[in-house]
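Colleague: Could you take a close look at the largest cavity in this model for me, and then at some of the residues in the strands and loops of the chain? I would enjoy a connected account with the numbers left in.

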Amino acid sequence: MSLINPLSSQSPLSSQAQSGQSIAPQSTSTQTSSQTETTGNPFLDSIRLPQESNIPEAKSQELTQEDFFSLLSQQLSMQDPFKPVDNDQMIAQMASFSTVDGITKLNEEIVNLNTVMTSSQALQASGLVGQKVLIPSDTGHISAEDPALKGIVSTPEAIEKITVRIEDEEGQLVKTFTIDGSAGGNIDVAWDGLDKNGEPVTSGNYSIKASGLVDGESQELAVSTYAHVTSVSLGTASTGAILNLRGIGGIKLGDVLAVSET
């Protein structure tokens, strides 16, 4: 059995060092890669910016005009020489694709046009802030700023006497009075905000109900009230500008019946 001298069994690295040969360091690319992944400092690694992802972005699933011509070229190159594609059929396909492409662009332009029109409408409606508008509702708002309530009673014919009832939000009768409807058509009605005892009512929403004799029978009449515009909202392309009314809420600009200064 032979023994191995530990001094004589040298590692390759030590033998190279003794022979004067230089040991080649690790490749620069490997060091750069390790430096890119981590710095060795937990704090610095936690605040480093995330590396850019190599995952490509998802491509659009829509076919473009370039895709259509590419498919058409493939179709023509692989067609049967004895049964070529009819020219009329090819032209019809190209015309159909151009039509679809034009409709798509037209829809985009219409959407942009609706956006511009909505903004322009809201800008014009902003001139109504601070004024009163007539809305198709018999409910109005009483407050310290607007202690009285005005409206319009629409009659199908001339009525000698129209009975007006003022009701609160719970439907309780607050006051009753009559107005002259002999002129027919749209009759102005105004309530001073006082109850049947002559006392001012509390702030809130109140309804104006009107009735009269039409063809010898008592009939409820349509009533519209004036409301104070406090602000204007842009709304959407389908709704248009929205007028925000004091104590009532919002209403479309197209639903306004009339505008009044007071």
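Modeller: Happy to; I will begin with the whole chain, go on to the cavity, and then visit a few residues one by one.

Please keep in mind throughout that this is a predicted model. The protein chain has five helices and eleven strands. Of its 262 residues, 24% count as buried. The chain exposes about 18600 Å², and carbon and sulfur atoms supply 54% of that area. As for contacts between residues at least 6 apart in sequence, 59% of them join residues at least 24 apart.

Now to the part you asked about. The count comes to one cavity of 30 Å³ or more, and about 120 Å³ of space lies in the largest cavity. Two elements give two or more residues to its lining, namely β3 (149-155) and β8. Of these, β8 (217-233) gives the most, with three residues. In total, eleven residues line the largest cavity, and those nearest its centre are Lys-132, His-141, Asp-146, Tyr-226 and Ala-227. Sorted by class, the lining has four nonpolar, three polar and four charged residues, so if you care about its chemistry, note that Tyr counts as nonpolar in this scheme, because the classes are set that way by definition.

Tyr-226, one of the residues nearest the centre of the cavity, also turns up among the contacts of Lys-150. Lys-150 lies in strand β3, which is one of the elements that give two or more residues to the lining. Leaving aside neighbours within four places in sequence, Lys-150 is in contact with Val-189, Ala-190, Thr-225 and Tyr-226. Lys-150 counts as partly exposed because its relative accessibility is 44%, a value between the limits of 20% and 50%. The C-alpha atoms of Lys-150 and Ile-208 are separated by 9.0 Å, with their positions 58 residues apart along the chain.

Ahead of β3 comes a loop that starts after β2 (139-142), and Ser-143 has its place there. Ser-143 is buried, because its relative accessible area is 11% and the cut-off for buried is under 20%. The side chain of Ser-143 is joined to that of Glu-145 by a polar contact of 3.2 Å. Leaving aside neighbours within four places in sequence, Ser-143 is in contact with Ser-203 and Arg-246.

Two other loop residues make a friendly contrast to Ser-143. Glu-170 is found in the loop between β4 (159-167) and β5 (173-181). With a relative accessible area of 69%, Glu-170 is exposed. The C-alpha atoms of Glu-170 and Asn-205 are separated by 9.8 Å, although the two residues are 35 apart along the chain.

Asp-215 sits in the loop between β7 (204-214) and β8, the strand that gives the most to the cavity lining. Asp-215 is exposed too, because its relative accessible area of 66% is over 50%. Its backbone deserves a look as well: Asp-215 has a positive phi of about 55° although it is not a glycine. Most residues other than glycine have a negative phi.

Terms used
Residues are numbered from 1 along each chain as its sequence is written. This is a predicted model: local features need pLDDT of at least 70, side-chain atom pairs count only at pLDDT 80 or more; totals for chains, interfaces and linings use all residues. Side-chain values use heavy atoms; hydrogens and water are left out. Helices (H or I, at least four residues) and strands (E, at least two) are DSSP runs, numbered from the N terminus. Buried means under 20% relative accessible area, exposed over 50%, partly exposed in between (1.4 Å probe, protein chains only). On a 1 Å grid over the protein atoms alone, a cavity is a set of points where a 1.4 Å probe fits but cannot get out, and a pocket is an open set with protein on both sides within 12 Å along at least five of seven lines; lining residues have an atom within 4 Å of a point. Grid points are joined across faces, edges and corners, and a volume is the space filled by probe spheres set on the points. A polar contact is a pair of N or O atoms within 3.5 Å; within protein, one must be able to donate a hydrogen and the other to accept it, and residues adjacent in sequence count only if both atoms are side-chain atoms. Contact means heavy atoms within 4.5 Å. Accessible areas come from the Shrake-Rupley method with a 1.4 Å probe; for residues, only the protein chains shown count as cover.
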